[in-house]
Structures are given as C-alpha cells and as structure tokens.
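Thank you for making time for this. I would like to walk you through one structure this morning, taking the charged pairs, then the ligand, and finally a small sheet.

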Amino acid sequence: MNDYSKTISFIRRTFHEPEAFIPLHEPRFIGNEKKYLEECIDSTFVSSVGQFVDRFEEMVVEYTKTNKAVVCVNGTNALHLALLLSGVLPEDEVITQPLTFIATANAISYCGAKPVFTDVDRDTLGLSPKKLEEWLEGNVEIREDKAKAKPSQPQSYNKSTGKRIAACVPMHTFGHPCRIDEIIAVCKKYHIQVVEDAAESLGSFYKGQHTGTFADIGVLSFNGNKTITTGGGGMLLFNDKQLGEHAKHLTTQAKVPHKWEFRHDHIGYNYRMPNINAALGCAQMEKLDLFLAKKRELAQHYSTFFLELNGAEASISASTFFPEPENAKSNYWLNAILLNNREERDHFLKQTNAADIMTRPVWELMTELPMFTQCQYGDLFNAKWLINRLVNIPSSVIL
Ligand SMILES: Cc1ncc(COP(=O)(O)O)c(C=O)c1O
C-alpha cells in the first residue's frame, strides 16, 4: 500500500494539531457573533422579522454587487424557490450536472420536474458548456407550446420524452467557478432559464464578477460547513429587484402586509431565515475578507507542498493539487487533490482517516442514486473520471 505519511505530517503541522481530529471544514466565530446574538435575544426579535435579516441581505448585496438578496432558511429551499420563480412546472425537465451535492437534484424534484444530467469540465468541476450544447443539439427541438409558454415564446422540448426543458442549474463546485457566461449563452440560444447554484461559492469571482450574479437568480448556502455560516441558511440573489421583492413575499407565506388582517395572495412558503441566524450572518460577513485571505493562503501552502513533494510520495505529483480555474478567483471553500486512480484514492482516504484527518471523496454521481437512475443523461466521461480521483482535504480557516 502507498505510504502517505509525509502528507499526513504536513497537514498536522499546518493545522497546528499534533494529535487531535482535524475536520474537513469547521466554522470560526472570532468577531461579533455573541454580541449580535445577545442583542437579538434582548430585542425578542428572534424569528424572521428583525434588523439582522435586513442588514444581512444588505451586506450580501453590497459584497456581491447584485441588485436584491433574499434570505432563506437554507440553500436547498432557496434553490426550490429559484426554480419555481424561473417557471419550472411539474412534468418539466431541468438540466444539471451529475457531480453535485444532492440538494441540487432534490430541489428539481420538489418542483415535480425531472433532472437531466450533462457532463462537467475537468478543469472547473462545473457544468461543461460544450457538453451541454452537444446534448441540446442532439436531443431537443425548439417550438412553441401555447399551453405552457407565453404565446410567441419558443421553448426547448426533449425529442425522446416530449417534455419541456424549463431550466438549467450549473454549480460552482467547491467554490471553483464554472464557465457560467458560456453556459448562459448556450441556454439563451435554447430559451432555457438558468439558476446558478452558488451554494459553495460565496467569495468566488469569475471574470471579476461574483458567482451567483450571472444568471437571473443565484443561490448561496450558509450551512455550518460553508465559508461563512448562519447555522443553517441560504440566500437568493436577483438581478431583477422586482422579482426579488416577489420572492421575499413568497418566503413569508405570501402574506399581504397589514397590521392585523391575515390575507395571503399566493401559495407561499415559510422559507425566510430567522433573525437569530441572520445575527450570526452579519458577524460572519464582517470577517469574510479575512477568511478568504486565509483560505487562499492555505491553498497556496498546499499547492507548494504537493509541487515540492512531486514523486516523493506514491501517486502525488506536481499536478495533484486542484487549482482555481482560468479567469476565476476561487474562495477555495474545499481544497481538492486528484490522485491517479480509484485504488490510490482509496488508499489515501483510508490512511488519512485512520490518522484522524478527515478527507472525503467527491459525491457519488447523481445518476448512480436510486432516485435518479431512470433519468436521462449525456456522456459523463469527465464526471466519471473525476469521481475516481478527487479527494477533499482539510480546508478550515487557520487563524
Ligand atoms: C451545491 C450545493 N447546493 C445546495 C446546497 C444546499 O444548501 P443547504 O445545505 O444550505 O440547504 C449545498 C450545500 O449544502 C451545496 O453544496
């Protein structure tokens, strides 16, 4: 079996943990978290009305330079709402990548739609615009359906199932931006709405623009394992302010504002983030630049280590560390390495976890899960190549 003791010692030294368990990603609370939580409790505004929810949204608008941000209870229900707002209906189909966290595909299912999976790019880990276009060219026809679409608006229909392709959800894997501009251009040609799953990529930029702001709707997550956390939480990002206002209305059970009357004008959702979570979010946002700088430092440190180790440890080469893609500034949410094959990947996972260092393979492909085995998919050559090789290594902020 290959020996990864040099890598294990390096990770222990880097995290200043000679013996204790080293997790993949743990949160850091080093600012105003306790102060804001106390303020929140003292005010009694602990549910979804309060100064922190509004402030948190404003802070994210300012940081991402989007036009409107709407907090949600988590990233999964933010994705659900984003798809509903994009017009996804039961019996529609929605394209996404097979290499993603389950929430992306689950949110599509909540709408009563079926996912269709097309391949990722090896250098971004995100949806490949080229593979997407190839699949669309071979599998859809563009026509009008007055029952579903607004008259005179053409839509794409899957030639084999007859179903409408309503939307596409690319994802910025581990914080590395995908070729989102090219994906949007392809989807535009086929009249397909794009929802950007930026759950993992707060603080990541593509061609200088924040991820999640390219499509009409983007989604962030603030789960406990993310770059910043609200405990549980998510956010919708909108280019269209009015659409954002409507989304906010839907997250609050679509209650028509009135001092005492209870009137609701849509099927609404109880999706708005509570003030107590947003209090954490405001304190965490104040430290985002510091966290990002530290994460970049760690990525650089890993990259140099693997470069210098080149060949001195079996299956570790100069190209082991997965770098940020071209034209991108990644938040390096989870650092990743690429081993030579599945066997070496499994040796690495076994030895590091036995040494109490948490490492993890990438998610199983969505197409391998029982709920999605019947779904249609394109050639998944890159996704299959990646799952045999990719491993995440500890990535918490080191202070
Ligand atoms: C790609 C992706 N999409 C969606 C989500 C869902 O976010 P949440 O856990 O906040 O529901 C996550 C992560 O948790 C994710 O990694």
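Let me start with lysine 130, which is exposed, with a relative accessible area of 61%. Please keep in mind throughout that what you see is a predicted model. The partner of lysine 130 is glutamate 134, and the two form a salt bridge in which the closest N and O atoms are 3.5 Å apart. Both belong to helix 6, residues 129-139, and because they are four residues apart there, about one helical turn separates them. Glutamate 134, for its part, is partly exposed, at a relative accessible area of 39%.

Staying with helix 6, we come to lysine 131, whose side chain meets that of aspartate 379 in a salt bridge, at 3.1 Å from N to O. Aspartate 379 sits in the loop between strand 14 (360-361) and helix 12 (381-387), while lysine 131 is in helix 6, so this pair ties together parts that are 248 residues apart in sequence. Is lysine 131 buried or exposed? It is buried, with a relative accessible area of 16%, and the cut-off that matters here is that buried means under 20%. Aspartate 379 counts as partly exposed, at 41% relative accessibility.

A further salt bridge joins glutamate 245 to lysine 68, with 3.3 Å between the closest N and O atoms. Since glutamate 245 lies in helix 8 (residues 241-251) and lysine 68 in strand 1 (residues 68-72), the pair ties together parts that are 177 residues apart in sequence. Here too I can give you the accessibility of each partner: glutamate 245 is partly exposed, with a relative accessible area of 41%, whereas lysine 68, at 12%, counts as buried. In the whole structure, a search finds 17 salt bridges, and Asp54, Glu57 and Arg272 are linked in a network of them.

Let me now turn to the ligand. Which residues come nearest to it? There are 16 residues around the ligand, and of these Gly75, Thr76, Glu200, Ser221 and Lys226 come nearest. For three of them I can describe a contact with an oxygen atom of the ligand. In glycine 75 a polar backbone atom is 2.8 Å from such an oxygen, in threonine 76 an N or O atom of the side chain is 2.5 Å from one, and in lysine 226 a polar side-chain atom lies at 2.8 Å. On its own the ligand has 380 Å² of accessible area, and the protein covers 93% of this.

As for where the surrounding shell comes from, the elements that give two or more residues to it are helix 4 (75-85) and helix 5 (102-110). Helix 4 provides the largest share, with three residues. By character, the shell residues divide into five nonpolar, eight polar and three charged.

My last topic is the sheet. Three strands form an open sheet in the order 9-8-12, with antiparallel pairing. Strand 9 (209-210) and strand 12 (328-329) stand at the edges with a single partner strand each, so one side of each is left without a neighbour in the sheet. Strand 8, residues 205-206, is joined to strand 12 by two bridges, and these strands run antiparallel. If you would like to find this pairing on the screen, look for tyrosine 206, whose bridge partner in strand 12 is alanine 328.

Notes: Residues are numbered from 1 along each chain as its sequence is written. This is a predicted model: local features need pLDDT of at least 70, side-chain atom pairs count only at pLDDT 80 or more; totals for chains, interfaces and linings use all residues. Side-chain values use heavy atoms; hydrogens and water are left out. Two strands pair if DSSP finds at least two bridges between them. A residue is near a molecule or strand if one of its heavy atoms lies within 4 Å of it. A polar contact is a pair of N or O atoms within 3.5 Å; within protein, one must be able to donate a hydrogen and the other to accept it, and residues adjacent in sequence count only if both atoms are side-chain atoms. Accessible areas come from the Shrake-Rupley method with a 1.4 Å probe; for residues, only the protein chains shown count as cover. Ala, Val, Leu, Ile, Met, Phe, Trp, Tyr, Cys and Pro count as nonpolar, Asp, Glu, Lys and Arg as charged, and the others, Gly among them, as polar. A salt bridge is a side-chain nitrogen of Lys or Arg within 4 Å of a carboxyl oxygen of Asp or Glu. Buried means under 20% relative accessible area, exposed over 50%, partly exposed in between (1.4 Å probe, protein chains only).
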